[in-house]
Each structure stands twice: as structure tokens, then as C-alpha cells.
Amino acid sequence: MTTFDLDLDDIQSGALHERPSPYVGTYVLLRIDDRRAGRELVRRLHPIVDSARPSSDPARDAWITLAFTYQGLKALGVPQGSLDSFSPEFRQGMAARATELGDVGESSPVNWEKPLGSPDVHVALAALSPDAARLGAVLERARRAQGELPGVEVIWRQDCYQLPTGRTSFGFKDGISQPEVEGSGVPASNPGEKPIKAGEFILSYPDETGSLPAMPTPEVLGRNGTYIVFRKLHTRVAAYRRYLRAKASSQEEEVLLGAKMVGRWQSGAPLGLSPERDDPELGADRHRNNNFLYRDDLRGFKCPAGAHARRANPRDALDHEMSVDVRLHRMIRRSTSYGPALPEGVLEDDGADRGIIFVFAGAHLKRQFEFVKTQWLNDGIFIGAPAEKDPFVGASDGSGMFTIPQRPIRRRMQNLPRFVVTRGGEYCFAPGLRALRWLGALET
Ligand code: HEM
């Protein structure tokens with residue numbers, strides 16, 4: 001193994017493993033009241049946490065990811081010197097970053113679902129599988145690991161599953177575009193993007209700046225770890241549909257405006273490749289549906305610069321204007337859907353909780369997740385429209401605006417309300433498997 005070969009046997013599978021489609025899953029949060037019990041939990045869970053090494057065993061299609069908050073590492077008794085070596089954002093936790101992230105008003109931590117954002121959240125466990133039977137089996141193993149361990153409490157649980165349409169609650173296919181992690185063996189989804197250095201996602205490898213990302217100490221704890229962000233994001237599907245209905249004069253126009261806001265049609269077909277109409281065949285073709293750049297559309301006539309996906313990854317669109325290296329702001333997304341679909345055509349809210357569990361994996365909370373959220377989704381300076389936020393997921397307050405470049409005159413969509421409300425979340429650290437063993441063996 002050369003120094004930069006990815007240690008797939010040690011990295012947890014969650015970040016590098018594409019989620020199955022369809023999928024079912026569960027997120028569980030636990031509180032550690034007794035550090036010895038917490039370590040025993042880690043020891044018991046260690047054998048059922050999978051590595052990222054590809055396997056042909058179908059049972060390995062169901063996997064568990066295990067991650068800890070700063071408070072969780074503290075509750076396990078990780079020495080203070082080591083706790084201090086983690087990134088400042090991780091140490092603060094997501095709730096403390098709320099103002100920067102745009103989690104204000106309805107999305108502010110005082111309104112979060114309990115216990116999200118509280119110091120009680122210590123351990124986050126995610127189980128994902130292609131079907132309920134395999135999920136049940138893997139969860140049963142986790143339950144047995146936790147069962148009869150006084151001093152460790154399950155405090156929150158959230159099920160997720162792919163909707164029958166294969167889309168998210170707003171009706172769009174998601175999870176299409178992912179960076180290729182150099183050395184992971186997972187092929188690129190966009191052949192126009194060179195593989196991204198592994199150190200952008202997994203600690204202890206060189207990153208895009210050519211250096212090793214800051215690593216938590218001791219080395220055994222940081223090596224092969226990844227920061228994870230999870231956010232429960234409630235989606236206001238009825239409000240979104242009503243907004244489009246009010247702004248459009250036909251159903252076709254509703255669909256077009258919705259696509260302009262996202263940057264893709266509902267099928268997943270990108271506007272950059274199919275600007276006039278949806279092309280479900282293109283949307284379903286994984287060899288083509290992410291094979292595009294923006295260099296022939298710098299003015300955004302096909303895909304507006306303010307569209308969600310273009311903001312979140314402007315690809316080559318900024319090369320010409322400013323020295324922003326988009327490669328420093330990439331992220332792996334492993335988001336899932338929760339809650340029932342709002343039936344087609346319904347415009348009134350039915351009161352059900354639905355949305356996505358947004359999951360990020362990367363080595364840099366600040367320059368990846370937080371940068372994209374604050375500078376690209378919640379601000380418009382970088383596209384020359386300081387008054388505009390992401391029309392789809394931005395922290396709008398009813399006065400939001402979205403510009404659609406078109407000839408002869410651009411179109412402005414006004415009074416955008418908030419379609420996505422943060423229900424809570426946390427910054428976590430998913431250690432490598434050796435690090436898990438180290439955590440389980442902590443003494444004192
Ligand atoms: C409820 C909230 C959200 C919904 C419904 C949503 C939906 C989508 C959809 C439909 C796409 C296009 C499909 C794809 O390229 O995979 C997309 C792309 C993307 N989203 Fe989101 N998203 C949400 C929140 C976020 C947040 C909070 C971030 C980051 C902080 C984010 C980052 C991205 C990125 C990086 C892409 C890929 C862009 C590309 O490479 O072309 N999304 N999202």
C-alpha cells in the first residue's frame with residue numbers, strides 16, 4: 001500500500017458506499033450516561049460496522065454507520081487534549097452555528113425537535129438497506145448490542161425510505177451528482193470533473209490543497225475518519241406547489257419554473273443538457289445524467305445561476321469570473337427521504353411531517369458544508385445577485401427573489417416563502433474502525 005492508497009478496510013462504509021435504490025433505513029440517536037457503558041456499546045457495535053471494502057455478499061448491502069458528536073466523545077471519556085484537536089465547528093455543534101447557517105426564525109434551534117441540537121445527543125447510528133428484511137436483521141444486531149446496557153439510552157429515532165416514485169417529497173430525483181473520490185473505486189458520475197483528492201473527504205490523506213487536513217489527535221483516532229452532518233429538513237410541499245401554481249399560467253409552465261429553481265427536471269435530467277423539456281430517459285441514465293458543465297451556459301439561459309444544484313456545485317461556471325476553486329467546496333451527500341408523499345395535485349397541507357434527512361460527509365465542515373450553505377445557498381454575491389438566496393432550499397422569509405435569465409427580458413420570481421424548515425441536526429465524527437476499537441478500549 002502506498003501512503004495515499006485509501007485504507008478501505010478501516011474507513012466506515014457510509015461515506016464511500018452509494019446508498020441502494022430503493023432503500024429503507026433508520027437513524028437512531030443515543031445518550032451515554034455512563035462512560036463505561038458507552039465504551040461497552042462501542043465494543044459491541046464495532047463488529048457490525050462495515051468497512052468501505054466492496055463486497056459481493058448481499059448481506060453487506062445493509063450497513064451501519066456509527067458516528068459521535070463532540071459531547072459524545074466527551075461522554076466516552078476522550079481526553080481533553082484530544083477533544084480540543086477537533087475542528088472548532090464540530091466542537092461547537094450545529095445548534096451553536098445556527099445564525100451562520102441561516103437556521104433562524106422557524107428553523108432556529110429553539111424550535112427544533114427534541115432532543116436534536118441538545119447536549120444529550122452523543123451517538124448517531126444510521127442503518128441503511130435495500131429492503132425491510134435486511135434492515136430488520138441489521139437493526140436487531142444493533143438492538144442486541146445496546147440492549148440491557150444501563151447507562152446508554154436511545155433518545156430519538158427516525159425512519160426513512162425511498163418514496164415509491166424514487167423521488168424526494170418535492171417530486172425531484174435526488175442524489176445524482178456525487179464527486180468521485182480518488183482511490184475509492186467508485187466511478188465518477190460526472191466525467192467532466194477530475195477525481196477529487198481523498199483528503200477532501202477522509203482524514204489522513206492529502207486534500208486538494210496538496211496538504212494533509214488538520215487531524216484530530218491521537219493519530220489513531222483521526223485516521224480514516226470523516227465529519228458527518230445530518231439535518232432533518234421538513235419540506236413544505238403544498239406551499240411549494242401553490243407558489244408555482246400562482247406564478248404559472250399553465251401546468252407546463254409550473255413544471256418548467258420548478259425545474260429552473262432546482263437546475264434539473266423532476267426526472268433528474270439536467271437543464272444544461274435538456275433545457276426545453278423533461279427527458280426521463282436522460283434522467284434515468286447514470287452515464288449521461290450528470291455529464292455536463294456550465295461553460296456553454298455562463299449567462300444561465302438554460303440553467304439559471306441561482307438554481308439550487310448550480311449554486312451547490314457551480315462546476316466550471318466560476319472559473320472565468322473569480323478565483324473560487326469549486327473543488328475545495330465539494331461534498332458527498334447521502335440524504336434520504338422521510339414521511340409520506342403528498343399525493344399528486346394536492347395543494348393543501350395535510351399536516352404530515354415529510355422531508356429529507358440531509359447527510360453530508362467530508363473532511364472540512366467549514367469550507368465544505370458551511371461554505372456552501374452560507375455563501376452559495378443563502379447568499380447571492382457570488383452570482384452577482386446579492387439579494388437572492390437559493391429559491392428551493394434557501395432561508396427565504398417571504399421576500400425572496402429568483403431571477404430566470406431569458407430573452408427578450410429576464411423573469412423575476414418574487415415573494416419566495418421558505419419551503420424548507422430545519423427541524424434539527426448535528427455535526428458528527430465517524431471514526432475509522434481502528435479508532436472505534438481505540439474508543440472502546442479507553443480507560444479511566
Ligand atoms: C430539503 C432540502 C434539499 C432538497 C430537497 C435538495 C434537493 C436536491 C436535488 C433535487 C438536487 C439535484 C439532484 C442531484 O444533483 O443529485 C440536489 C443537488 C445538490 N444539492 Fe440539494 N437539496 C436540499 C438541500 C441541500 C443542502 C442543505 C445542501 C448543502 C448544504 C445541498 C447540496 C446539494 C449538492 C452539492 C447538490 C449537487 C449539485 C451538483 O453536483 O450538480 N442540498 N439537491
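## Notebook: ligand, iron and some backbone oddities

I started at the metal. The iron atom of the ligand has His308 as its only protein donor, through NE2 at 2.1 Å. I note that this is a predicted model. I then looked up where the donor sits: histidine 308 is in helix α12.

**Entry: the shell.** I asked which residues come closest to the ligand. They are Ile176, Ser177, His308, Arg315 and Arg333, out of 25 residues that surround it. So His308 appears in both searches: as the iron donor and among the closest residues. By class, I get 15 nonpolar, 5 polar and 5 charged residues in the shell.

**Entry: polar contacts to the ligand.** I went through the oxygen atoms of the ligand. A polar backbone atom of glycine 175 is 3.1 Å from one such oxygen atom. For isoleucine 176, a polar backbone atom is 2.6 Å from an oxygen atom of the ligand. Serine 177 takes part with its side chain: a polar atom there lies 2.5 Å from a ligand oxygen atom.

**Entry: cavity and elements.** Where does the ligand sit among the cavities? The space it takes is the largest cavity. I then listed the elements that give two or more residues to the shell: β5 (226-235), α12 (308-312), β8 (355-362) and α13 (365-377). Which of them gives the largest share? It is α12, with 3 residues. The iron donor, histidine 308, is placed in this helix.

**Entry: aromatic pairs.** I searched the whole structure and found 19 aromatic pairs. I picked one, phenylalanine 90 with tyrosine 227. The ring centres are 5.5 Å apart and the planes stand at 55 degrees, so I file the pair as tilted. Phenylalanine 90 lies in helix α5 (residues 88-92) and tyrosine 227 in strand β5, so the pair ties together parts 137 residues apart in sequence. Strand β5 is also on my list of elements that give two or more residues to the ligand shell.

**Entry: cis peptide bonds.** I noted a cis bond between serine 21 and proline 22, with omega about 0 degrees. Proline 22 is in the loop between α1 (13-16) and β1 (24-32). Another cis bond joins threonine 217 and proline 218, and its omega is about -5 degrees. I place proline 218 in the loop between β4 (152-161) and α8 (219-222).

**Entry: arginine 315.** I came back to this residue for its backbone. What is the phi of arginine 315? It is near 50 degrees, a positive value in a residue other than glycine. Arginine 315 is in the loop between α12 and β6 (332-333). I had already met Arg315 among the residues closest to the ligand.

Key:
Residues numbered from 1 in each chain as written. Predicted model: local features only at pLDDT ≥ 70, side-chain atom pairs only at ≥ 80, totals over all residues. Heavy atoms only, no water. Near = heavy atom within 4 Å. Polar contact = N/O pair within 3.5 Å; in protein donor to acceptor, adjacent residues only side chain to side chain. 1 Å grid on protein atoms, 1.4 Å probe; cavity = no way out; pocket = protein on both sides within 12 Å on 5 of 7 lines; lining within 4 Å. Sits in = over half its atoms within 2 Å of the grid points. Helix = DSSP H or I, 4+ residues; strand = E, 2+ residues; numbered from the N terminus. Nonpolar A, V, L, I, M, F, W, Y, C, P; charged D, E, K, R; others polar. Donors = N, O, S within 2.8 Å, 3.2 Å for Na, K, Ca; no water. Phe/Tyr/Trp six-rings, centres within 6.5 Å; stacked < 30°, edge-to-face > 60°.
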